[in-house]
Amino acid sequence: MKKYKVGIIGATGMVGQRFALLLRNHPMFEVVALAASSSSAGKKYADAVRRWHLSDPMPEEFSSMVVLDATADKQKIASMVDFCFCAVNMPKDEIKQLEYDYAKLECPIVSNNSAHRFTDDVPMIIPEVNAEHLEVIAAQKKRLGTKRGFIAVKSNCSLQSYVPLLHPLKKFGIRCAAVTTYQAISGAGKTFETMPEIVDNIIPYIGGEEEKSEREPLKIWGEVKDGRIALAQGPVITAQCLRVPVSDGHTAACFVSFEKKPSKEEILNAWAEFSGEPQKLALPSAPAQFIHYFEEDNRPQPKLDRMTENGMAVCAGRLREDNLFDYKFIGFSHNTLRGAAGGAVLLAELLAAKGYFD
């Protein structure tokens, strides 16, 4: 299997750390560059990381790598790698420009950031759901004037807890859906140690999350037309997003109505039978069974179920009829694995398998 040389831009943050863990000993990818802000540049990775947020220790093979400056060393990094993951913590306009700069240096970017999610020729991919959107990359490269350079992004981490569960049900004609997400503190780059205000508490507002939760699915369900992704007209989704005292794992309470109401068995079968390109291609990070349904009334739970299929599955439970909508159910996904770094690694594996890095 061909190995691609990879850089991690934003390597010192929580998502960057998760990338480091996921990419050690990866069968397709070899990390050759770690990059962060100018304050970290020139230091060994072990010294540049102020706080290691994850329970698994820092991979030894990266600890003595010298961190490069993500902005000043763009040309050098681009010359070292086949592509880069990007998970920087910067103002949105600066991220947008940074990712464009790398793409124009012929360095493809697989981004965990939101800056380009609504650039209409940048695909926003959940690999099992809308892999066909990768075809828009040809139009993007034409616009950028590049041969290899492009940007592909993953969607917001909270979407993974309900959009993959709604997607196989679209064949029944989803009319509308309501969702409340209960989001882990790692989604804010925090631990209980660094976010003491969340203990014994719920914060009923996460800036920008509700808009993303309602709008991003329309791009994921959109259609590639004339070198751009046209947003889907529906279904209409309304969302509320809460921060809860959970370390990892976003839960969604989802309500849905259909044009043609299916039976409970039809929904369960649609979930059980659903798979996508990652399963077809047997990609290294792909869950064998994408959607796991729990029969127990008290599942899925973050503590028990976050590592289902190495944290890359989407879990569901409590499917039942509703008094106002047709059905309601609970969805769940690991936000820093399926939702963030792991979803981006799976997207990169899909891009590699389809020749986009060659």
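In these exercises, Ala, Val, Leu, Ile, Met, Phe, Trp, Tyr, Cys and Pro count as nonpolar, Asp, Glu, Lys and Arg as charged, and the others, Gly among them, as polar. The model you are looking at is predicted.

**Exercise 1.** Find the largest pocket and describe its lining.

*Solution.*
Step 1: Begin with the space itself. The largest pocket has a volume of about 1300 Å³.
Step 2: Look towards the centre. There are 50 lining residues, and those closest to the centre are Val15, Ala87, Val88, Asn89 and Asn113.
Step 3: Turn to the elements. Helix H1 (14–23), helix H5 (92–104) and helix H8 (209–220) each give two or more residues to this lining. The largest share, 4 residues, belongs to H1.
Step 4: Sort the lining by class. The largest pocket is lined by 16 nonpolar, 25 polar and 9 charged residues.

**Exercise 2.** Now do the same for the second largest pocket.

*Solution.*
Step 1: Start with the volume again. The second largest pocket holds about 670 Å³ of space.
Step 2: Which residues lie closest to its centre? Of the 32 that line the second largest pocket, they are Arg18, Leu22, Met307, Asn310 and Leu337.
Step 3: Check the helices. At least two lining residues come from H1, and at least two from helix H12 (341–353). H1 gives the most to this lining, with 4 residues.
Step 4: Apply the classes from the opening. The lining of the second largest pocket has 14 nonpolar, 11 polar and 7 charged residues.

**Exercise 3.** Which helix gives the most to the lining of the second largest pocket, and what does that helix do in the largest one?

*Solution.*
Step 1: In the second largest pocket, the helix is H1.
Step 2: In the largest pocket, H1 supplies the largest share of the lining.

Notes
Residues are numbered from 1 along each chain as its sequence is written. This is a predicted model: local features need pLDDT of at least 70, side-chain atom pairs count only at pLDDT 80 or more; totals for chains, interfaces and linings use all residues. Side-chain values use heavy atoms; hydrogens and water are left out. On a 1 Å grid over the protein atoms alone, a cavity is a set of points where a 1.4 Å probe fits but cannot get out, and a pocket is an open set with protein on both sides within 12 Å along at least five of seven lines; lining residues have an atom within 4 Å of a point. Grid points are joined across faces, edges and corners, and a volume is the space filled by probe spheres set on the points.
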